[in-house]
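Trainee: I have a model open and would like to practise putting reasons behind the labels. Could we go through some of them together?

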Amino acid sequence: MIREFHTPRTVDAAVALRTELAGKACYLAGGTELGSTAFRTESPQEVISLAQVLSTAISADDGGLLLGAGCTLQTISVSENVPKVLRDAAKLVANRNIRNMATLGGNIASNKTFASMLPALVVFDAQLELADAGGGRSTVGIMTYLGRGGRELILAVRIPKKPGRRASTAKLSKSANDIATLVVAASYVPDNDRVREPRLAVEGVADHVVQLDSIEAWLEGSPLPSRDAITDRVSDVVTPKTSIKGSAEFKTYLAGTMIADALHRAAADTRKVNA
Amino acid sequence: MKIRLTINGKARELEVAPGESATAALKKAGCGGLRNGCDGQGSCGACAVQLDGELVNTCILLAPQLAGRSVKTIDGISHFRDVSPLQSAFIDAGVVQCGYCTPSMLLAVEPLVAQPEAPTREQVMDAMSGVFCRCTGYEQFVGAVELARERTKNPAAKGNVAKVYRDDLKFVGRATGKVDGAHLARAGKAYVEDRVDADACHIKLLRSPYAHAYIKSIDTSAAEAMPGVVMVVTHKNCPDINYSQAGQGYPEPSPYDRKMFGEKVRHIGDRVAAVMAESRELAAAALEKIVVEYEVLEPVLTIAEASAAGAPRVHKGPVDFISGTPDDLDNSDADPRDGRITYLFPIHADIRRNIAASVSGGIGDLDKGFAEADVILERTYKSSQVQCTPLEPHAVYTKLVEGRLVVHAATQVPWHLRRMFARLLDLPENRIRVIKEHCGGAFGAKQDMVLEEIAAFCTWTTGRPVSHRFTREEEFVSSRTRHPIEFQVKLGAKKDGKLTAVYMGVKANTGPYGQHCLTVPMNAVSKSLPLFLCDNAGFDVVTYYSNIPPAGAYQGYGAPQGAFAMQMAMAELAEELGLGQLDIVEMNRVGEGSWLEILRCLGEGRPGKPEQVFSCGLKTGLALGREMIEWDKKETHQDPDIAIGKGLAIVQQGSGLPGLDASNATVTMFGDGTFMLLSGGTDLGTGLDTVSTKFVAETLCVPMEAVSIIAADTDATPFDVGAYASSGTYYSGGAALNAAKGLKNIILDIASEMLGEPVEHLDMLYPGIIKGKNKQVTYAEIAHETQSGVGCGQLTFTSNFTGEAPSFPYGTHFCQVAVNTRTGNVKLQKYYAFQDSGTPINPELANGQTFGGVLKTIGHSLFEEMVLDDEGRCLNPNLLEYIVPMSGDVPDDFRSILVHTDEPFGPFGAKSISEIACGGAAPAIATAIHDAVGVWIRSWPFTPEKLLRAMGKL
């Protein structure tokens, strides 16, 4: 049962509170996870509201795009400044009410299968600006953060500029609002007929988002392989489990097919999405 | 802690707890319209408000998150008693059905009304994407927003919400708005939860963790000792009376095969004990104190398991009969722990083989028919277990008023409830009052008594008021679901496609108890076989007991499953013969004037007889559909991975149960010449009260506003069987019409005396005038005359409606799908439902029911399914994982076209609407999938995985 509700006014105050209340408190952004009986995994005694702490700004500079961690998915889905693929990714959460509440930072920090933005952020090499427990600031790649089970407060997400990058994201779900069976994203930079800096990510084949490093290494510097070839490769490296969303065999097939389609869809999209 | 915020433009300061939900805090602050359909998942949106202009779910917000924010609730949409242009547009467009989601929907689309540019359809759908509506199918909200935008500029704007079907009449056949629309659009108190008094006790149920077990011992002493616990009910102290929960007319065809609490539990979630306590939390805590020892038995979950030789028996109790006791009745091996089963008449059950009911029949000579066939096709089809998911879960509030039991119920069958309470509590019916409150959706689930009797027993025993409301999980595991059915269809046909023989074998799974165990599976036959004319037809129906969650009534009542099997088989036959699906349907279908001989052996609750079809819109529907969907044109997609296909289905339902159903109504004149209609009819949000009001206003030539209605209150209104079998417009409406006609004759007689002219010289004119050749008199004058000291007394007339004509409604459904051949995903591009319901009385609401019925069954077809594990545990007992259709699932081009026919036996030519809409989606989509990718998907739901397997990709 929640007994205290804290509303710090600064990032440092929020981080200090979290440190002080270690084990008892958790951050609260939009609240779509902590507040929901379906998704709540923690039962904190105290919550630290980030309402007055997190930026909701979206800005662009020479370094790329900067999205405040407090941006809601709805804001991102309609922002002209945001690349279409990221807008599409935000809208993969089809429930408008949830998009109005859920924040970018919360979506990343939850790192659950319903975090539909993650694959797209991964393939855009998203960098996270963090506030750590000691009061310092740092920037890390999104997969590094997720890989170490990041507990630091996410302040912003930077999408680095990558001229020529092409990208695509897609989901398969049983219905519009269903939590996706699978979300995939793919990007690369075309270099004449070669694939450079490929990025592939899948949500739904494990408990958390998975980046397909080995497939990326296979693709690097090659002409874009056929869809069948990509499908076969991806199917070899993913190990989903059977659930009510489908069998392991189905998810494996789907991961390969959807990644292959996403890559080829990106190739067909001549817009330079992040130039 | 204190928070400051703005609510509907006014600064407020609220005292809230840190962990309190925003819903609770806003309710305490007096905000109306905040409902609960998902128990805090955030998946239904029934609790939504605008927070700084954006729609959010308050159930997943903590109250302190509201600090410093601006909240807009439904109370901020309307001003005093006025409705806003948006609310009036909602009412006129027909999107206010049950009303439970209406406040959220209003708040969802309100910003679109004010924005400068006209919103696209996609924007309207997106705005609603977080709010679950099971009634309307979402489509008409687009028109409602458009109308609201017009009305903000021109308050008199009428829009184009529905076609006029009877331009010779004032109200019937044209959109008028719903009589309770404004009340619901303002979120007025209407539902059971709105009637619960502050001093009410609450009930929580202890449910079985096992699918099949005996209760060896149960110790409730610790729970009973807790302060605030009023009583605990178990099999030891509940009434020792076996009964059926089915809300059917007496004598019910459903067996009396359960007690309020049994010594044996038969499904996970079955009742073990009830705690009545002074708060919900206390009742829940007391459940933890109850100690139960079970003797766990092997469960049977599927039809195959239940029918296997030596299968565990779900029921082993002694059997008796009220009538038709068989000579060989043998109870020698009965186990009294299983409880007694009483059959009111034989339904051909055999509990030793887990058979709950069975029936067989046929016409002609099947063997001869198949021998004459050039082609014989035999296929099997399966439907899955799907849940009704009314947005408002089951709820009841019981209390004693001056020594009488008063029950506020969200029910389809108030009089059946009263009858069942009387038997269970050993009370005469005059000591019981059942008031049907507005239902937040029902769809068949509320035809049965699934919690009401426990509350009634607790109140009658303790004398204290009791509220009981299911959680969403309870709704899944212990309410009602569509029977899973396995069909064997065998067709014989000549090379030209003419049927020579039709056989349908039906095996249904009723779960632990037999409510509707005979009639639902039988309806799967009686609503699907008669669609095709064949001299040789037969069927076998067997329903099995098992240990899955209970099945029962669900809008369509077996017909959607039967339609799927029969229409699919016809489509497969067409392929086998190299014919078109539409052509083989046309060749064999029923039409006006047809005699349905098969109904000779498909009587429901009484012997069957052949019936003639007097009105049938199939010909028109098929012709319109062929043209509108460009049936003969093969579509292609620019993406080579996408295959497009078209499919269709024809469907049939009934208009109540001839010879069984009965409705009554009373119309009374008031002192100013206005009227009160007392109707037994049970409006579930479908517009029945509006239908009945229209019939009276039309007949008595007065504005609809001059007719008020009180309905479905067993004290205040006359008897009605209730709302099921699509009987509302036909029977309950018919009773109102007959009452109005009776009163009209009386009014004319009185006017004749007053005017001194013969009745033949009098005309009844709008608005409430009787005009003779020389003089005229108003209703107000007639009322004054009759109600004065020398008058004949207040004018009133009571009448009933019973019928012998089945008045079948018909439907023709076409759809176009786009199948992603890589992922197996099915996208509905077009869905056109051509619905023949005779004269559409409320066309805008008839369209809404059609859209709603179709979208429900689109859900059943594509994704809805209760998934059980090997022990019978439902793995997805919530809206989020079960998955229900939301606005994002609406077909891109979704149309309801009402095919106007004139049914000679229906009131103003009407037939039923509602259930008929549920039959077409599964076969239309499945045949379209086949047209697209060449595979037959013969079981629900048509998931991407199933398609990929059928296409050989897995």
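Trainee: Why does B:Phe171 count as buried?

Mentor: Good place to start, and keep in mind that this is a predicted model. The relative accessibility of B:Phe171 is 9%, and buried means under 20%, so B:Phe171 counts as buried.

Trainee: And what makes B:Tyr766 partly exposed?

Mentor: B:Tyr766 has 36% relative accessibility. Buried requires under 20% and exposed over 50%, so B:Tyr766 falls in between and counts as partly exposed.

Trainee: Why is the pair of B:Phe171 and B:Tyr766 called tilted?

Mentor: Take the distance and then the angle. The ring centres of B:Phe171 and B:Tyr766 are 6.3 Å apart, and rings pair within 6.5 Å. Their planes stand at 55 degrees; stacked needs under 30 and edge-to-face over 60, so the pair is tilted. This pair links distant parts of the chain, 595 residues apart: B:Phe171 is in the loop between α5 (140-153) and α6 of chain B, and B:Tyr766 in the loop between β29 (763-765) and β30 (769-771).

Trainee: Which residue lies over the face of B:Tyr766?

Mentor: That is B:Lys170, at 4.3 Å from the ring centre. The distance cut-off for a charge over a ring is 6 Å, so the 4.3 Å of B:Lys170 meets that part of the test. Elsewhere, B:Arg482 lies over the face of B:Tyr554, at 4.1 Å from the ring centre.

Trainee: How many aromatic pairs does the structure hold?

Mentor: There are 21 over all chains. In one of them, the rings of B:Tyr100 and B:Tyr191 have centres 4.9 Å apart and planes at 90 degrees.

Trainee: Why is that pair edge-to-face?

Mentor: Edge-to-face means planes over 60 degrees apart, and B:Tyr100 and B:Tyr191 are at 90 degrees, so the label fits. Here too the pair links distant parts of the chain, 91 residues apart. B:Tyr100 has 0% relative accessibility and so counts as buried, and B:Tyr191, at 1%, counts as buried as well.

Trainee: How do you know that β1(B) and β2(B) pair?

Mentor: Pairing takes at least two bridges, and β1(B) (residues 2-7) and β2 (residues 10-15) of chain B have six, in the antiparallel sense. B:Arg4 stands opposite B:Glu13 in β2(B).

Trainee: What joins β1(B) to β5(B)?

Mentor: Two bridges join β1(B) to β5 (residues 70-72), and these strands run parallel. Since the requirement is at least two, β1(B) and β5(B) pair. In β5(B), B:Ser70 is the bridge partner of B:Thr6.

Note on methods:
Residues are numbered from 1 along each chain as its sequence is written. Chains are lettered from A and ligands numbered from 1 in the order in which they are written. This is a predicted model: local features need pLDDT of at least 70, side-chain atom pairs count only at pLDDT 80 or more; totals for chains, interfaces and linings use all residues. Side-chain values use heavy atoms; hydrogens and water are left out. Rings of Phe, Tyr and Trp (its six-membered ring) pair if their centres lie within 6.5 Å; planes under 30 degrees apart count as stacked, over 60 as edge-to-face and the rest as tilted. Helices (H or I, at least four residues) and strands (E, at least two) are DSSP runs, numbered from the N terminus. Buried means under 20% relative accessible area, exposed over 50%, partly exposed in between (1.4 Å probe, protein chains only). A charge sits over a ring if NZ of Lys or CZ of Arg is within 6 Å of the ring centre and within 35 degrees of the ring normal.
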